[in-house]
Amino acid sequence: MAIKFGTDGWRAVIAEEFTFANVRLVTQAVANYLRNARGTGEVIIGYDNRFLAPEFAAAVAEVLAGNGFTVYLPERAVPTPVTAWAVKKYRALGAVMLTASHNPPVYAGFKFIPDYAGPAVPAITAAIENEIAAVTGKEKIDSIELGKARQRGLIKELDPREDYLTYLEGIIDVDAIKKARLKVVVDPLYGAGIDYLDEFLQRAGCQVHTIHNHRDPLFGGGLPDPGVNGLKDLAWQVRDTGAEVGLALDGDADRFGVVDGDGTFLTANEVLYLVLAHLLEYRRFRGPVARTVATTHNLDRLAAAHDLRVIETPVGFKYIGEALRMHQCILGGEESGGLSIRGHIPEKDGILATALVAELLAVTGRGLKNILLDLQRRYDRLVSRRLDLEVTPEVKDRILNQLPSLSPAKIGGVPVTGRLTVDGVKFLLEDGSWVLLRPSGTEPLLRLYVEAPDEGRLQLLQEDMRSILRL
Ligand SMILES: O=P(O)(O)OC[C@H]1O[C@H](O)[C@H](O)[C@@H](O)[C@@H]1O
């Protein structure tokens, strides 16, 4: 089976396709790509807390060293955003990050982070895929055994945690957090973010209670996914301890999850909205805002009120990262839980995102839901929902064939005023509502996103769209 770099790198089931042999093969392909594109130099390796992650990382190191690269190999798991940040900080040629993010425990993953410290753009992943095809079956893999590579000075140790935390302290208003003495529950979901966010908050004077903070490759029987279902323990702990907020990270700490002081889960759209308002009103940031086609238009309303442009991209942080790099956006965000800001790396960073939530709580001294209500009064907030539709391959094909010609005049009785094909098909409606249908690039699902002025309208649009599609 051909190895493909999907929406976010190569992900596969451990021992089935994700074997040591295939990891070495993909590393050889990355080495060939890098040598052609950049020559040799230093490469960083990061890995999450999954089963065999350190051992796979050692195999990557052996092949990179065998190809003449100097390798930084950490002794413990490193979050994806920290690995990306380290590429920039230590001026490396790039990084290999071994992670399957929030996928089930049987998965592992491999991604390449180029020197600009964000997700590889399609041109780069396509070039690596070509190298994979060229290497496959040739058995030409150069490798040096780890001990020997160390003796030759080709493997160096790296623990970027202290440098990263110091950096984060420089870009977050730690003094404000110190004054507020927040009480916080942190949930790294057994992942690579352990000892990062909790440590940062503790140093910033918060009273921190951390759960799920040891390596468990089975993730306590759940998924390392900070969505509403994955954060039930966090919500319970927040209520039980009387904390002001619960802050969570996914398995590789690039995505965030937030629970309010009464245990209510906030959607990523709501968090993005709160953080953008904070950046505009407290930090006085000015500049374009980047969001994916599936992300809330509440960001547009805030941006419009401040005369700022919104850049709409396909789904995937690689596109948001590109917008951050090219247009100096003040915030880039996506509804699946990704966020970065101007001056930071063009990669989603759950540690930064949750640190910003702590900052906004500290400076406002108010609960997140109250701030949301206040914003709703000022800007007519929309409500959003995403439906993940499990469909048979036949139904999926039928819908995807139908999409190019799908052009209803009205949805739920509301006139359609625009049709966008940035990713899937998106209909803009007269009352500010919108509906988007697209196939997921990471799961065998169709995603239906709806945003409307109120819950009743949202239901109506969702139901009508399903009946139009016969879903
Ligand atoms: O909706 P999908 O195509 O499944 O993508 C969902 C998410 O997948 C990965 O996690 C990417 O890093 C994200 O940028 C993307 O939003």
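**Legends to close-up views of a predicted model**

**View 1. Residues surrounding the ligand in the predicted model.** A shell of 14 residues surrounds the ligand, and the closest of these are Asp8, Ser336, Ser440, Gly441 and Thr442. By residue class, the shell comprises eight polar, four charged and two nonpolar residues. Domain 2 (178-379) and domain 3 (383-469) each contribute at least three residues to this shell.

**View 2. The division of the protein into domains.** Three domains are assigned: domain 1 spans residues 10-158, domain 2 spans residues 178-379 and domain 3 spans residues 383-469. Between the C-alpha centres of domain 1 and domain 3 the distance is 38 Å.

**View 3. Segments annotated in UniProt as "Alpha-D-phosphohexomutase alpha/beta/alpha".** The unreviewed UniProt entry places this domain annotation on residues 3-135, 163-263 and 269-378. In the segment 3-135, helix accounts for 43% and strand for 20%, and the end C-alpha atoms lie 11 Å apart. The segment 163-263 is 33% helix and 19% strand, with its end C-alpha atoms 33 Å apart.

**View 4. The segment annotated in UniProt as "Alpha-D-phosphohexomutase C-terminal".** According to the unreviewed entry, this domain annotation covers residues 414-466. Strand makes up 49% of these residues and helix 23%, while the end C-alpha atoms are separated by 15 Å.

**View 5. The surroundings of Asp173, in the loop between helix H6 and helix H7.** Helix H6 covers residues 161-171 and helix H7 covers residues 174-180, with Asp173 in the loop between them. Asp173 is classed as partly exposed because 19 other C-beta atoms lie within 10 Å, whereas a buried residue would have 20 or more. Leaving aside residues up to four places away in sequence, Asp173 touches Glu359 and Val363. Asn49 stands 124 residues from Asp173 along the chain, and the C-alpha atoms of the two are 30 Å apart.

**View 6. The whole protein, for orientation among the close-up views.** The C-alpha trace extends over about 70 × 55 × 40 Å along its principal axes. The secondary structure consists of 16 helices and 21 strands. The radius of gyration is 22 Å, which agrees with a compact globule, because a globule of 471 residues would have a value near 23 Å. Of the 471 residues, 51% are buried. Among contacts between residues at least 6 apart in sequence, 71% join residues at least 24 apart.

Note on methods. Residues numbered from 1 in each chain as written. Predicted model: local features only at pLDDT ≥ 70, side-chain atom pairs only at ≥ 80, totals over all residues. Near = placed C-beta within 6 Å. Nonpolar A, V, L, I, M, F, W, Y, C, P; charged D, E, K, R; others polar. Domains from an automatic or database assignment. UniProt positions renumbered as here; feature names shortened; annotations may be inferred. Helix = DSSP H or I, 4+ residues; strand = E, 2+ residues; numbered from the N terminus. Rg over C-alpha atoms; globule rule 2.2 N^0.38 Å. Buried ≥ 20, exposed ≤ 12 C-beta atoms within 10 Å, placed from the backbone. Contact = placed C-beta atoms within 7 Å.
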